[in-house]
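Here is a short walk through one protein model and the ligand that sits with it. Have the viewer open and follow along.

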Amino acid sequence: MKEIIQITKNKLNNEDNEDLSKLLLKNWTNWKWQVKNTIRKIEDVEKILDIKFPQEKRNEIEETIEKFPMAITPYYLSLVDADNYENDAVFKQCFPNIKELSISTCDMQDPLSEDEDSPVPGITHRYPDRVLFHVSNICAMYCRHCTRKRKVGDIDSVPSKKEILIGIEYIKNTPTIRDVLLSGGDPFLLSNDYIDWMLSELSKIPHVEVIRIGTRTPVVLPFRITNDLIDVLKKYDNIWINTHFNHPREITKSAKTALRKLALAGIPLGNQSVLLRDVNDCPHIMRNLVHKLVANKVRPYYLYQCDLSEGLGHFRTNVGKGIEIIESLRGHTSGFAIPTYVIDAPGGGGKIPIMPNYLISWSANKIVLRNYEGVITTYKMPAYLPKDCDNNCSECNLQHDADVIDKEMKTIGISKLLCDYEEDITLVPDNLERNYRIQGVAENNE
Ligand SMILES: *Cc1c(COP(=O)(O)O)cnc(C)c1O
């Protein structure tokens, strides 16, 4: 412990201590050393940052840790500005706050119904063609804003191959799944061999076209992106990676090196940020973040509205803040630097995009639009007489070669309502009261 405190402190203060540099080189960049020395005690944070919490504050933190444990990699803690830690965006994401214990009326245990939408353990199957596969329950760092906070602190253990095989079997038997998202926990906390094994098993399934990996290691443990890991990933040619940067200060030299390695391996990189109060709820910070991301070959993918998990109340902004941020990006910067702002709908509704309104009005012949500058403009609609689609692709001029999967995929939702060839004209909730009334009348008449 003495060693880690000294090394981390040294890193933090950017001191050029010759004796330590050797040790630093050897250990600091060794991801296993970082994991082994994950900081879990308040007094270690105090020693490293050279701060002292008043007794009352200390009791509060202890109480919080009892429910939601703390784990911070020495690397991530070294990014904190110790002189102003209370306002520090990195500190807030990793250090407990008593506010995590206040449960507000809108909080929910499992707001995304991930446990409910689970056909077999480890799999959440919400969308027809893709699944979320929880392959790891370990994280290098416990983010205070974790949406799966309810599970943080459950025993960190590597799921057995037998457990993983149940999920793989489900994917194998469900031919509509073409995209598998490995998540957890953090899949990159597993060993290279284990990752290699999972990827090879998934790659053997003919209908799996894409494998996505969600990992925060480039942010909290960039040294995990070793050459050996890259060698494993390079064996597969259908991998995408999404990472989770929330603040420009997280894009350090080490993080850049990790991203560069992944990009050079030919892996498309995306980023999912969470909109967090007093961390990144500011158009300037967000613009700076997305610019730094694209400069490092990372495409901003989603900006999440903070969800309704218990213990996140103090991180939540209102939705207007998110719309304001998107308004400040669209038109003002490169289109590919703009994430889609989404609310992951409570109850398992999935991600719903939210954005400013650009369509102001329309008539039979024209639509009225506004741009980012406030210019109001019109688009005269072309004479376009589409013919009805009867879903018979072989008879259509568009030369679409419908395959088996196309035929197996059912048209659902609003898309179904729009289809020319579907009979349905309404979508009706299961428990529509009006239906009960009609049924009741029918039963009475029998
Ligand atoms: C987010 C998510 C996905 C993937 O959604 P995309 O919009 O394709 O990124 C899939 N399944 C579940 C359960 C999810 O939460």
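What follows goes from the domains to the core, then to the ligand, and ends with a few backbone oddities.

**Domains and core**

Keep in mind that this is a predicted model. The protein chain splits into domain 1 (2–98) and domain 2 (123–353). Their centres, taken over C-alpha atoms, are 24 Å apart. Where the two domains are in contact, 29 residues come from domain 1 and 33 residues from domain 2.

So what sits in the nonpolar interior? The largest nonpolar core has 92 residues, and the members that touch the most others are L49, Y76, I171, L182 and L233. Helix α9 (residues 192–203) is the top contributor, giving 6 residues to this core. Because domain 1 (2–98) and domain 2 (123–353) both give residues to it, this core lies between them.

I171 is a handy residue to click on here. Leaving out neighbours within four places in sequence, I171 is in contact with I123, V131, F133, I177, V180, L202, I205, H207 and V208. Another core, of 10 residues, lies apart from the largest one, and its members include Y302, L312, F315 and V342.

**The ligand site**

Which residues are around the ligand? They are T124, R126, Y127, R130, L132, L181, R212, Y301, Y302 and K351. Strand β1 gives the most to this shell, with 3 residues.

For the polar side of things, here are three side-chain contacts to oxygen atoms of the ligand.

| Residue | Side-chain N or O atom to ligand oxygen |
|---|---|
| R130 | 2.7 Å |
| Y301 | 2.5 Å |
| Y302 | 2.5 Å |

How much of the ligand does the protein cover? On its own the ligand has 380 Å² of accessible area, and the protein covers 91% of that. The elements that give two or more residues to the shell are β1 (123–127), β2 (130–134) and β7 (298–305). Y302 is worth a second look, since this residue turns up both in the shell around the ligand and in the core of 10 residues.

**Backbone oddities**

If you're setting up a system from this model, a few backbone spots may catch your eye. A cis peptide bond joins G184 and G185, with omega at about 15°. G185 belongs to the loop between β3 (179–183) and α9, and α9 is the helix that gives the most to the largest core.

Then there are two residues with positive phi that aren't glycines. Phi of S113 is near 50°, and S113 is found in the loop between α7 (89–94) and β1. Is S113 buried or exposed? Its relative accessibility is 6%, so S113 counts as buried.

Q399 has a phi of about 60° and is placed in the loop between β12 (376–380) and α15 (404–408). With 74% relative accessibility, Q399 counts as exposed.

**One more stop: R287**

R287 is part of helix α13 (residues 283–295). Its relative accessible area is 29%, so R287 counts as partly exposed. What does R287 touch, not counting residues up to four places away in sequence? The partners are S328 and L329. As for L264, 23 residues separate it from R287 in sequence, and the C-alpha to C-alpha distance between the two is 25 Å.

Notes
Residues are numbered from 1 along each chain as its sequence is written. This is a predicted model: local features need pLDDT of at least 70, side-chain atom pairs count only at pLDDT 80 or more; totals for chains, interfaces and linings use all residues. Side-chain values use heavy atoms; hydrogens and water are left out. A nonpolar core is a set of buried Ala, Val, Leu, Ile, Met, Phe, Trp, Tyr and Cys residues joined through side-chain atoms within 4.5 Å. Buried means under 20% relative accessible area, exposed over 50%, partly exposed in between (1.4 Å probe, protein chains only). Helices (H or I, at least four residues) and strands (E, at least two) are DSSP runs, numbered from the N terminus. Domain bounds come from an automatic or database domain assignment. Contact means heavy atoms within 4.5 Å. A residue is near a molecule or strand if one of its heavy atoms lies within 4 Å of it. A polar contact is a pair of N or O atoms within 3.5 Å; within protein, one must be able to donate a hydrogen and the other to accept it, and residues adjacent in sequence count only if both atoms are side-chain atoms. Accessible areas come from the Shrake-Rupley method with a 1.4 Å probe; for residues, only the protein chains shown count as cover.
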